[in-house]
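Q: Please take a close look at one part of this model, beginning at the point where that part starts. Then set it beside other parts of the chain, giving the cut-off for each term.

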Amino acid sequence: MQSLLRWGIEHSTDANGNPTPPAETRKDLDPAIIDEILGRPDSELLKENLAIALDEKRELDDRLQALDNFEMLIEHIDNANDLEKLKMWEPLHNLLTSDSSDDEIKRLVLWIVGTAVQNNPSAQTSYLALSPIPALLSFLSPSIISSKTRSKAVYALSGLLKHNAAAVHQLHDADGWEVLKSALEDSDITVRRKVAFLLNSLLIPNESEQQAAAAAAAIPTLAPSTSNAPPSSATSIMLHPSATSSPDSTSTNVRPPETVNVVHPNSHASMSADLGFFSTSADTRKALEEKGILKTLIDGIVSPVPHGPDGETEGDLDFEQKVIR
């Protein structure tokens, strides 16, 4: 920002189009004031807040505030991707797994993880390199007293698992389906709702999977011909338009020009050529059947486990709607 401002001043002109003489550089300006006016780079703010959060000598409130600031910064996808460049994933994960970390700190780190990886294939891949699924699942244990922490654990898992087959494979290897099944009977109804929503998200084929299936179904199976007659024009298809077809041809085999959509390089759409990256529906459907999750979902409607601090509440319309979907 400072370089851009300096360039603008150096290349400015007066009303007559003449270059303005360069202003003398002032030596008496406080850098802190300049930072306050122009703003500091987000990368510096990320480093500063993470350093505070990692410093166990600091007051707990200061560390929590730093993590809260950190979470707001990585809501911007570019900052979330910078976590890998700045080598911040490992210290963040260590904060999450450290025995010395306060429960509130762990809850905020779960929030940061969920925000950073949500709809962000690059961040998902970076964090998955640490094999974090077992640690995230551990926060859904009944031994975790805080329902808010369990809820944030589902949030982090959702961001990591959605549209990511590798994450779902890690979930399977960590026996995570059983953990999610148990979470459908959590004492906090909010946790149940989020798990049901997550399962539904993993189960629904995404657009690219549906297009691939439709394309496969559209290709006819050609039986060996028993005659010398050419194939019927009613059953023949042209997968690619002929290079020699004229623009004004009336042939039904010529496709109209297709609209080219700009695809962001760090998006699930950019990975549409690799269905193996984000296809989660088949594994989820199999788990629902084999792990008894489908039965647990149905039981959640037919004979729900009471919820609430004292188990005094039965049923929940929002949960039931998510299960039905």
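A: At the N-terminal end of helix H7, Asp102 acts as the cap, with a side-chain oxygen 2.8 Å from the backbone nitrogen of Glu104. A polar contact here is a pair of N or O atoms within 3.5 Å; within protein, one atom must be able to donate a hydrogen and the other to accept it, and residues adjacent in sequence count only if both atoms are side-chain atoms. The model is predicted, so local features need pLDDT of at least 70 and side-chain atom pairs count only at pLDDT 80 or more, whereas totals for chains, interfaces and linings use all residues. Residues are numbered from 1 along each chain as its sequence is written, and side-chain values use heavy atoms, with hydrogens and water left out.

Helix H7 covers residues 103–117; at 1.5 Å a residue its 15 residues should span 21 Å, and the end C-alpha atoms are indeed 21 Å apart. The expected span is 1.5 Å times one less than the number of residues. Helices (H or I, at least four residues) and strands (E, at least two) are DSSP runs numbered from the N terminus. Just after H7, Asn119 has a positive phi of about 50°.

H7 is mostly covered, with 11 of its 15 residues buried. Buried means under 20% relative accessible area, exposed over 50%, and partly exposed in between (1.4 Å probe, protein chains only). Among the buried residues are Ile105, Leu108, Val109, Leu110, Ile112 and Val113, together with Lys106 and Thr115. The cover over these buried residues includes helix H4 (60–73), helix H5 (77–85) and helix H6 (89–97), as well as H8, H9 and H10. Contact means heavy atoms within 4.5 Å.

The loop between helix H8 (121–128) and helix H9 (133–138) holds Ser131. Phi of Ser131 is near 50°, a positive value in a residue other than glycine, and Ser131 is partly exposed at a relative accessible area of 45%.

The loop between H10 and H11 contains His163 and Asn164. His163 has a positive phi near 60°, again in a residue other than glycine, and counts as partly exposed at 29% relative accessibility. Asn164, by contrast, counts as buried at 1%. Leaving aside neighbours within four places in sequence, Asn164 is in contact with Gln124, Leu128, Phe277, Phe278 and Thr280. Ala166, in helix H11, touches Leu128 and Phe277, residues up to four places away in sequence not being counted. Ala166 and Leu128 are 38 residues apart in sequence and 8.1 Å apart in space, C-alpha to C-alpha.

Helix H13 (residues 189–203) can be set beside H7. Its 15 residues should span 21 Å at 1.5 Å a residue, and its end C-alpha atoms are 21 Å apart, in agreement. Asp188 caps the N-terminal end of H13, a side-chain oxygen lying 2.9 Å from the backbone nitrogen of Thr190. The buried residues of H13 include Ile189, Val191, Arg192, Val195 and Asn200. Their cover includes helix H10 (147–161), helix H11 (165–173), helix H16 (281–290) and helix H18 (317–324).

H13 also takes part in a salt bridge, defined as a side-chain nitrogen of Lys or Arg within 4 Å of a carboxyl oxygen of Asp or Glu. Arg193 forms one with Asp318, the closest N and O atoms being 3.7 Å apart. Since Arg193 lies in helix H13 and Asp318 in helix H18, the pair ties together parts that are 125 residues apart in sequence. Arg193 is partly exposed at 23% relative accessibility, and Asp318 is partly exposed at 29%. A network of salt bridges links Arg193, Asp316, Asp318 and Lys322. The structure holds eight salt bridges, including those of Arg40 with Glu44 at 3.5 Å and with Glu48 at 2.9 Å.

For the protein as a whole, the secondary structure comes to 18 helices and zero strands. Buried residues make up 33% of its 325 residues. Among contacts between residues at least 6 apart in sequence, 69% join residues at least 24 apart.
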